[in-house]
Amino acid sequence: MVTYIATIWAKLGHEDDVTRFYQDLEPLLRQAKGYRGRKILRARNGTMVEAVRKVVTAEEASRHAEHTP
């Protein structure tokens, strides 16, 4: 089994619209040969930043431009 992780950014105030859009794709995904299922999780704001800071040193982080969608 292969697991894909996608990060989706939503503009403030449009989180529910974006979530609904991806949930509505379920019928199309089910038609794909080999599709086994998916799980949609919504992280708290800043959760990913906290996780990255735990494993990336300040020096490593300074070598990467900050991405702001």
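A residue counts as buried under 20% relative accessible area, as exposed over 50%, and as partly exposed in between. With that in hand, let's look at the charged pairs in this predicted model. Arg-38 has a relative accessible area of 33%, so it lands in the partly exposed class.

**Glu-26 and its partners**

Start with Glu-26, which sits in helix α2, a stretch covering residues 26-31. At 19% relative accessible area, Glu-26 is buried, because the cut-off for that label is under 20%. Leaving out residues up to four places away in sequence, Glu-26 touches Tyr-35 and Arg-38.

The Arg-38 contact deserves a second look. Glu-26 and Arg-38 form a salt bridge, with 2.8 Å between the closest N and O atoms. This pair ties together distant parts of the chain: Glu-26 belongs to helix α2, while Arg-38 lies in the loop between α2 and α3 (47-55), twelve residues apart. The two side chains also show up as a polar contact of 2.8 Å.

Glu-26 has another arginine to deal with, too. Its side chain meets that of Arg-30 in a salt bridge of 3.4 Å, N to O. Here the partners are both in helix α2, four residues apart, so about one helical turn separates them. Arg-30 is exposed at 60% relative accessibility, whereas Glu-26 is buried at 19%. Put the pieces together and you get a salt-bridge network linking Glu-26, Arg-30 and Arg-38.

**Over in helix α1**

Asp-17 and Arg-20 make a salt bridge as well, at 3.2 Å from N to O. They are three residues apart in helix α1 (residues 15-23), which means that about one helical turn lies between them. Both ends of this bridge are partly exposed: Asp-17 has a relative accessible area of 44%, and Arg-20 has 43%.

**The bridges side by side**

Side chains of opposite charge can pair when their charged atoms come close. Across the whole structure, a search turns up four salt bridges, including those listed here:

| Salt bridge | N to O distance |
|---|---|
| Asp-17 and Arg-20 | 3.2 Å |
| Arg-30 and Glu-26 | 3.4 Å |
| Glu-26 and Arg-38 | 2.8 Å |

So which residues are linked in a network of salt bridges? Glu-26, Arg-30 and Arg-38 are. In that group, Glu-26 is the buried member at 19%, Arg-30 is exposed at 60%, and Arg-38 is partly exposed at 33%.

Definitions and conventions
Residues numbered from 1 in each chain as written. Predicted model: local features only at pLDDT ≥ 70, side-chain atom pairs only at ≥ 80, totals over all residues. Heavy atoms only, no water. Helix = DSSP H or I, 4+ residues; strand = E, 2+ residues; numbered from the N terminus. Buried < 20%, exposed > 50% of the residue type's maximum accessible area, 1.4 Å probe, protein only. Polar contact = N/O pair within 3.5 Å; in protein donor to acceptor, adjacent residues only side chain to side chain. Contact = heavy atoms within 4.5 Å.
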